[in-house]
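Reader: I want the reasoning behind the labels, not just the labels. Can we take them one at a time?

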Amino acid sequence: MKISSVLLDQDYAREPVPLSQRRGWIRLSLIWVAMGVDLSALVLGSALASGMTLLKAMIAVSFGSLILASIGAACSYVGSATSLSTAMINRFTFGERGAMVVILISTVTMMGWFGVTAGFFGESAHAVIYALTGWEVETYWFALIGGILMTMTATIGYKAMEKLSLVAVPLMLSFLIGLIIKLSMGGDQITVLFSIPPEGDPIKTGTAISLVVGAFILACTSSPDVARWAKSSKDAVLSGFFGFLIGNSLMMFVAAFLSRLAGTEDVIKIMLSIGWGVFAVVLLILAQWTTNDNNMYSAGLNLSILFKWIPKRVLTIIAGVIGTGFAMFGIYDNFIGFLSILSPFAAPIAGIYLVEYFFLNRSRFKVAYLREMKVPSVYWHSLIVWFVSALLAMMTTSSEDGGLGLFTLTQVPVLDGLFSSMLLQWVLGKVMDRSKPGEGLETEEQAV
């Protein structure tokens with residue numbers, strides 16, 4: 001009875017989440033924490049520890065996570081205040097048809113990252129199983145299993161993701177804390193760690209902060225997908241801030257300590273070396289599962305706006321099949337360059353809807369505007385801002401990462417796109433006098 005009620009539960013893809021279904025900030029935060037605890041964060045944390053002193057690595061992770069937490073809190077506020085998904089919010093900022101272009105590119109990016117993460121899961125699972133048993137199982141089988149698990153919770157919806165996070169976060173944290181205690185027993189190693197010089201190529205603090213921010217900035221853009229379930233705007237802001245702050249920094253801190261304690265960057269090898277092979281498998285499954293189901297959940301919400309006549313769960317399954325296919329056939333190896341081109345187009349979306357909501361046209365963000373068809377087909381100025389900001393981000397992305405590499409601004413291309421979109425959207429909005437009471441509504445009615 002309980003299983004059927006969960007499977008048949010309404011996920012409110014195209015309407016506000018009812019107040020009776022809202023959650024407190026702690027439960028929402030666990031979803032973001034679970035998303036941050038993944039293998040990519042372990043890899044990045046280890047890499048930072050290799051190229052910096054432990055103290056500098058911790059400072060870089062802290063500052064980067066604080067930036068993400070601030071952006072995530074602001075985006076979460078919009079999601080809670082409107083009670084709508086990111087795709088629905090895009091209809092208010094880009095227009096009915098204009099939003100379709102934005103949503104399509106965002107969805108392709110999400111499915112691509114899903115494939116990359118599932119592929120990473122397959123590679124890691126292959127290495128762990130081979131080390132434990134000596135069995136040579138093809139990587140694509142593990143990618144298939146991972147893709148099915150990740151798609152399953154995303155298909156059921158928010159409540160399944162929440163229940164998984166409630167179980168996974170305590171387990172993952174227990175494993176990681178136990179691992180640190182195990183490795184640090186038998187001396188005053190912790191005090192010595194901070195004095196160890198970098199072993200690899202030196203990494204500048206600014207570059208390190210950039211890497212930390214770039215790792216999760218796209219998740220901030222789609223944070224309304226989860227924040228719309230918050231009981232209040234306060235719950236949304238707290239969950240977005242602490243969820244991104246803790247979720248983004250925790251795994252990197254742990255990885256930095258582990259790599260210093262064990263003298264290697266490969267955390268999976270560390271677990272295997274001390275006899276924690278089973279824990280390595282559990283952590284691997286939970287870490288990737290709780291991260292990638294968020295990508296597919298947002299992709300499903302996006303597709304439900306593009307194909308309104310098809311149930312969201314069907315669309316999520318289709319997207320999951322495509323993403324899993326990317327991973328199984330090894331496309332994720334060559335997909336990174338494609339994603340590097342698409343990713344700069346995602347961050348400006350958040351900048352545009354933040355400025356529209358907080359500074360220009362908050363009164364427009366109502367479902368009634370959609371039902372009464374008061375939203376025009378296209379807001380051309382928003383599309384122009386989006387394109388220009390994305391192009392700027394491409395110009396500041398290095399050629400090695402698939403960009404143009406013409407110049408640098410903040411050292412973080414996605415932040416270049418975010419901040420430029422906010423500035424351009426505000427300037428154009430003021431020029432068009434769209435922030436004056438009544439004029440925004442009048443313009444929309446004339447455009448229908």
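Reader: What share of the residues is buried, and what makes a residue count as buried?

Author: This is a predicted model. In it, buried residues make up 55% of the 448 residues. A residue earns the label when its relative accessible area is under 20%.

Reader: What is the secondary structure made of?

Author: The protein has 21 helices and zero strands. Among contacts between residues at least 6 apart in sequence, 86% join residues at least 24 apart.

Reader: How do you know that the span of α7 fits its number of residues?

Author: Helix α7 covers residues 139-156, which is 18 residues. The expected span is 1.5 Å times one less than the number of residues. For α7 that gives 26 Å, and the helix reaches 27 Å from its first C-alpha to its last. The two values are close.

Reader: Which residues of α7 are buried, and what follows the helix?

Author: The buried residues include Phe-142, Ala-143, Gly-146, Gly-147, Met-150 and Thr-151. An α-helix has 3.6 residues a turn, so residues three or four places apart point the same way. After α7 comes Gly-157, with a positive phi near 125°.

Reader: How many aromatic pairs are there, and why is the pair of Phe-94 and Trp-386 called edge-to-face?

Author: There are eleven aromatic pairs. In this one, the ring centres of Phe-94 and Trp-386 are 6.2 Å apart. The cut-off for a pair is 6.5 Å, so the rings qualify. The planes are 70° apart. Over 60 degrees counts as edge-to-face, so the label holds.

Reader: What makes that pair a link between parts of the chain?

Author: Phe-94 sits in helix α5 (residues 86-94), and Trp-386 sits in helix α19 (residues 380-396). The two parts are 292 residues apart in sequence, so the pair ties them together. Both residues are buried.

Reader: What about Phe-241 and Phe-242: which kind of pair do they form, and are they buried or partly exposed?

Author: Phe-241 and Phe-242 form an edge-to-face pair, with 5.2 Å between centres and 85° between planes. Phe-241 has 24% relative accessibility, so it counts as partly exposed. Phe-242 has 32%, so it is partly exposed as well.

Reader: Which residues form an aromatic cluster?

Author: One cluster is made of Tyr-77, Phe-92, Tyr-357, Phe-358 and Phe-365.

Reader: How do you know that Cys-75 and Cys-220 are not bonded?

Author: The sulfur of Cys-75 has its closest cysteine sulfur in Cys-220, 6.3 Å away. A disulfide needs the sulfur atoms within 2.5 Å, so this distance is too far for a bond. The structure holds zero disulfides. Cys-75 has 0% relative accessibility and counts as buried. Cys-220 also has 0% and is buried.

Reader: How many salt bridges are there, and what makes Glu-162 and Arg-27 one of them?

Author: The whole structure has four salt bridges. In this one, the N to O distance between the side chains of Glu-162 and Arg-27 is 3.1 Å. The limit is 4 Å, so the pair qualifies. Glu-162 lies in helix α8 (residues 158-184) and Arg-27 in helix α2 (residues 25-36), so the bridge ties together parts that are 135 residues apart in sequence. Glu-162 is buried at 2%. Arg-27 is partly exposed at 40%.

Reader: Why do Glu-96 and Arg-91 both count as buried?

Author: Glu-96 has a relative accessible area of 18%, which is under 20%, so it is buried. Arg-91 has 7%, so it is buried too. Their side chains meet in a salt bridge at 3.0 Å, N to O.

Reader: What of Glu-356 and Arg-364?

Author: Their side chains meet in a salt bridge at 3.3 Å, N to O. Glu-356 is buried at 0% relative accessibility, and Arg-364 is buried at 1%. Elsewhere, salt bridges with shared partners join Arg-23, Arg-27 and Glu-162 into one network.

Reader: Which residues have the most contacts inside the largest nonpolar core?

Author: They are Leu-48, Phe-94, Tyr-353 and Trp-386, in a core of 109 residues. Helix α14 (residues 277-306) gives the most to this core, with twelve residues. Leaving out residues up to four places away in sequence, Trp-386 touches Phe-94, Val-101, Val-102, Ile-105, Phe-345, Pro-348, Ile-349 and Ile-352.

Key
Residues are numbered from 1 along each chain as its sequence is written. This is a predicted model: local features need pLDDT of at least 70, side-chain atom pairs count only at pLDDT 80 or more; totals for chains, interfaces and linings use all residues. Side-chain values use heavy atoms; hydrogens and water are left out. Helices (H or I, at least four residues) and strands (E, at least two) are DSSP runs, numbered from the N terminus. Buried means under 20% relative accessible area, exposed over 50%, partly exposed in between (1.4 Å probe, protein chains only). Rings of Phe, Tyr and Trp (its six-membered ring) pair if their centres lie within 6.5 Å; planes under 30 degrees apart count as stacked, over 60 as edge-to-face and the rest as tilted. A nonpolar core is a set of buried Ala, Val, Leu, Ile, Met, Phe, Trp, Tyr and Cys residues joined through side-chain atoms within 4.5 Å. Contact means heavy atoms within 4.5 Å.
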